[in-house]
Amino acid sequence: MRAIWKGAVSFGLVSVPVRLYSATESHDLQFRQVRKSDGSRIRYRRVAEADGEEVAYRDIGKGYESEDGRMVILTEEDLASLPSRSSKEISVEKFVPAAQIDPIMLDRTYYLEPDKAAVKPYALLREALRESDRVAIVTVSVRTRLTTAVLRAVGDVIVMQTMLWPDEIREAEFDVLEDVPEPKPAEKAMATMLVDSMAGDFDPDEYEDDYRGGVEALVAAKLAGGDSVAAPVVEEEGGEVVDLLAALQASVERAKKARGGPADGASEKPAGGADGDESGDGGDTGTAKKASSPTTKKATAATSAKNATKTAKSQRKAG
């Protein structure tokens, strides 16, 4: 496992350096959406609702929609001004009876590992939690956001479970439960007998995910029987850009020849720095460089761009 956070648990005057590890992992099956005829993957694109245009990652921002449907765009500066916590401390606020924490309030679970030099105070806190049958209510900043959590002893380890905020717990409002008749004494006695007859201890190893096992067995059987397809190899988009860069480079060489300058070495330079007018590369003499005015440079660049576009179009037609 890899630690996702480093800090210290502090209670009273005691500080215990710890590392935080995710205690759970998902084993959900991951199916791919494919075209049935050949197994080709289905890809999704990020498009704007207004015009259907695809949006690049660099142009995607964060927006908050108000209750009346208006969109507020939040900049990086706006987000940086929000309350942010970067403390590396798990601060114990109080110790409460474990029974007071409704499991519905618990969110994610993490293991706390102590530094080698802090094993003794770590064990001391663990045993205090276990023997008192209490949990520690703590505040901690994970990924810059302050949250509450509980520390509890589980075996030899202290476990931290983050908690949901009170307004994140929904109210169970079901009209059908408002006028439920009171069960008769005989019915309650019979239900109690049923519970007693099925009583036992929980052993998680008694249960297994038969659906996942069934899918894995089915896939293995299909693979063994040759019942699979090789997804078509799709060329990465962007090949046209390479052609365009080559066209730009060829246009620069022609522009240099038209000015009477040598074109040697132009094809060896990256396309981004091939324009000798801006970078100074390209073999022109110092006098010629000084004589080039900004207007001339702009005109040359415009001509090169037009030639590049024509060349790119010609190559696409030829292809």
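Below is a short conversation about a predicted model, its pocket, its salt bridges and some exposed residues.

Reader: Before we start, which pLDDT do local features need?

Author: Residues are numbered from 1 along each chain as its sequence is written, and side-chain values use heavy atoms, with hydrogens and water left out. In this predicted model, totals for chains, interfaces and linings use all residues, side-chain atom pairs count only at pLDDT 80 or more, and local features need pLDDT of at least 70.

Reader: Happy with that! Which residues are closest to the centre of the largest pocket?

Author: A pocket is an open set of points on a 1 Å grid over the protein atoms alone, where a 1.4 Å probe fits, with protein on both sides within 12 Å along at least five of seven lines. The largest pocket holds about 490 Å³ of space, a volume being the space filled by probe spheres set on the points. It is lined by 17 residues, and the closest to its centre are Val34, Val219, Lys222, Asp227 and Ser228.

Reader: How many residues of that lining are charged?

Author: Lining residues have an atom within 4 Å of a point. Asp, Glu, Lys and Arg count as charged, Ala, Val, Leu, Ile, Met, Phe, Trp, Tyr, Cys and Pro as nonpolar, and the others, Gly among them, as polar. In the largest pocket, eight lining residues are nonpolar, four are polar and the charged ones number five.

Reader: On to the charges: how far apart are N and O in the salt bridge of aspartate 38 and arginine 35?

Author: Side chains of opposite charge can pair when their charged atoms come close. The cut-off for a salt bridge is a side-chain nitrogen of Lys or Arg within 4 Å of a carboxyl oxygen of Asp or Glu, and the whole structure has eight salt bridges. For aspartate 38 and arginine 35, the N to O distance is 2.8 Å.

Reader: Which residue forms a salt bridge with glutamate 54?

Author: Glutamate 54 is partly exposed, at 45% relative accessible area (buried is under 20%, exposed over 50%, partly exposed in between, with a 1.4 Å probe and protein chains only). Its partner is partly exposed at 46%. The closest N and O atoms of the pair are 3.5 Å apart, and that partner is arginine 45.

Reader: Are aspartate 68 and arginine 70 buried or exposed?

Author: Their side chains meet in a salt bridge, with 3.0 Å from N to O. Even so paired, aspartate 68 and arginine 70 are both exposed.

Reader: What is the phi of aspartate 133?

Author: Aspartate 133 sits in the loop between helix H2 (119-132) and strand E7 (134-142), helices (H or I, at least four residues) and strands (E, at least two) being DSSP runs numbered from the N terminus. It is exposed, because its relative accessibility is 55%. Most residues other than glycine have a negative phi, and most peptide bonds are trans. For aspartate 133, phi is positive, near 55°.

Reader: How far is the C-alpha atom of aspartate 133 from that of phenylalanine 95?

Author: Phenylalanine 95 belongs to strand E5 (residues 89-97) and is partly exposed, at 36% relative accessibility. The two residues are 38 apart along the chain, and their C-alpha atoms are separated by 9.6 Å.

Reader: Last one: where is valine 229?

Author: Valine 229 counts as exposed because its relative accessible area is 61%. Its C-alpha atom is 9.3 Å from that of serine 40, 189 residues away along the chain. Its place is the loop between helix H4 (210-224) and helix H5 (239-258).
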